[in-house]
Amino acid sequence: MDDTALLRDHGLRVTSPRLAVLDALRRTPHADADTVLRVVRAGVPSVSVQAVYDVLGALTAAGLLRRIEPAGHPARYERRVGDNHHHVVCRGCGAVDDVDCVTGHAPCLIPSSTSGFAVETAEVTFWGLCPTCAAAAAAVDD
């Protein structure tokens with residue numbers, strides 16, 4: 001489905017900032033708001049910072065984007081929604097990538113105690129070094 005139809009399907013007006021944000025996140029998944037702003041402004045120079053933040057909020061609220069918040073890093077946004085996948089974050093450069101759900105369907109991990117909560121999803125963040133940072137660390141150790 002194209003982005004125009006996607007917005008309409010979710011009851012949202014089709015605007016150039018919304019289309020530009022969706023396109024930016026297609027090209028740069030796991031981008032923070034500043035990165036999204038830079039990519040959007042390359043195509044729509046007049047878009048304001050507030051407009052991009054408003055669009056990110058509206059698209060997240062509508063379920064078209066997922067906001068992730070790795071500890072110690074700015075919030076990131078992605079278009080991959082509707083599944084219970086996880087993320088791996090590089091401790092060196094902050095790169096983020098997807099990791100498919102560990103054991104199947106949501107929540108995919110069962111807590112030992114739920115304190116009465118009805119658990120719907122599990123968010124797991126794996127931390128390590130990306131291949132580039134791991135190679136750089138190995139070179140320093142040699």
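Is His-30 buried or exposed? Keep that residue in mind, and we will come to it on this tour. The model on your screen is a predicted one.

**Stop 1: the whole chain**

Start by showing the chain as a cartoon. You should be able to find 5 helices and 6 strands. Starting at the N terminus, their order is α-α-β-α-α-β-β-β-β-β-α. Now turn the view around: the C-alpha trace spans about 50 × 45 × 25 Å along its principal axes.

Next, switch on the surface. The chain exposes about 8,400 Å², and 53% of that is supplied by carbon and sulfur atoms. Of the 142 residues in the chain, 35% are buried. Contacts also link distant parts of the sequence: among contacts with a separation of 6 or more, 41% join residues 24 or more positions apart.

**Stop 2: helices α2 and α3**

Here is a handy idea for the next few stops. A pair of packed helices is described by the angle between the axes and the distance between them.

Select residues 16-27, which form helix α2, and residues 33-43, which form helix α3. Their axes come within 9 Å and cross at roughly 115°. The two helices, α2 and α3, are therefore roughly perpendicular to each other. Their crossing is right-handed.

Now show the side chains where the two helices meet. On α2, pick Ala-20, Val-21, Ala-24, Leu-25 and Arg-27; on α3, pick Val-36, Val-39 and Val-40. Colour them by type, and this contact of α2 with α3 divides into 7 nonpolar residues, no polar ones and 1 charged one.

**Stop 3: a closer look at Val-39**

Stay in helix α3 and select Val-39. Its relative accessibility is 17%, so Val-39 counts as buried, the cut-off being under 20%. Which residues does Val-39 touch, leaving aside its neighbours within four places in sequence? The answer is Ala-24, Arg-27 and Thr-28.

Try a distance tool here. Thr-28 is 11 residues from Val-39 along the chain, and the C-alpha atoms of the two are separated by 8.5 Å.

**Stop 4: His-30**

Now for the residue from the opening. Select His-30 in the loop between α2 and β1, the strand at 31-32. His-30 is buried, with a relative accessible area of 6%. Check the backbone too: His-30 has a positive phi of about 65°, although it is not a glycine.

**Stop 5: bring in helix α4**

Keep α3 selected and add residues 49-61, which make up helix α4. How do the axes of α3 and α4 cross? They come within 10 Å and cross at roughly 115°. The crossing of α3 and α4 is right-handed.

To see the residues that meet, show Ala-33, Asp-34, Val-36, Leu-37, Val-40 and Arg-41 in α3, together with Val-49, Val-52, Tyr-53 and Leu-56 in α4. This contact of α3 with α4 divides into 8 nonpolar residues, no polar ones and 2 charged ones.

**Stop 6: α2 against α4**

Hide α3 for a moment and look at α2 with α4. These helices pack at an angle of about 75°, with their axes 10 Å apart. That angle makes α2 roughly perpendicular to α4.

Select Pro-17, Arg-18, Val-21, Leu-22 and Leu-25 in α2, then Val-52, Val-55, Leu-56, Ala-58 and Leu-59 in α4, to see where the helices meet. Here the residues of the contact of α2 with α4 divide into 9 nonpolar, no polar and 1 charged.

Bring α3 back into view before moving on. Val-21 is one of the α2 residues that contact α3, and Val-21 is also among those that meet α4.

**Stop 7: the loop between β5 and β6**

For the last stop, find the loop between β5 (96-99) and β6 (125-128), where Ser-115 lies. Is Ser-115 buried or exposed? With 66% relative accessibility, Ser-115 counts as exposed. Like His-30 in the earlier loop, Ser-115 is not a glycine; the phi of Ser-115 is positive, at about 50°.

Pro-111 is found in the loop between β5 and β6 as well. Pro-111 is partly exposed, with a relative accessible area of 36%. Finish with one more distance: Pro-111 and Ala-122 are 11 residues apart in sequence, and their C-alpha atoms are 9.2 Å apart in space.

Notes:
Residues are numbered from 1 along each chain as its sequence is written. This is a predicted model: local features need pLDDT of at least 70, side-chain atom pairs count only at pLDDT 80 or more; totals for chains, interfaces and linings use all residues. Side-chain values use heavy atoms; hydrogens and water are left out. Axes are lines fitted to C-alpha atoms, for helices over the stretch in contact, and angles run from 0 to 180 degrees between N-to-C directions. Helices (H or I, at least four residues) and strands (E, at least two) are DSSP runs, numbered from the N terminus. Angles under 35 degrees count as roughly parallel, over 145 as roughly antiparallel, 65 to 115 as roughly perpendicular and the rest as oblique. A crossing is left-handed if the near helix is turned anticlockwise from the far one by less than a right angle, and right-handed if clockwise. Contact means heavy atoms within 4.5 Å. Ala, Val, Leu, Ile, Met, Phe, Trp, Tyr, Cys and Pro count as nonpolar, Asp, Glu, Lys and Arg as charged, and the others, Gly among them, as polar. Buried means under 20% relative accessible area, exposed over 50%, partly exposed in between (1.4 Å probe, protein chains only). Accessible areas come from the Shrake-Rupley method with a 1.4 Å probe; for residues, only the protein chains shown count as cover.
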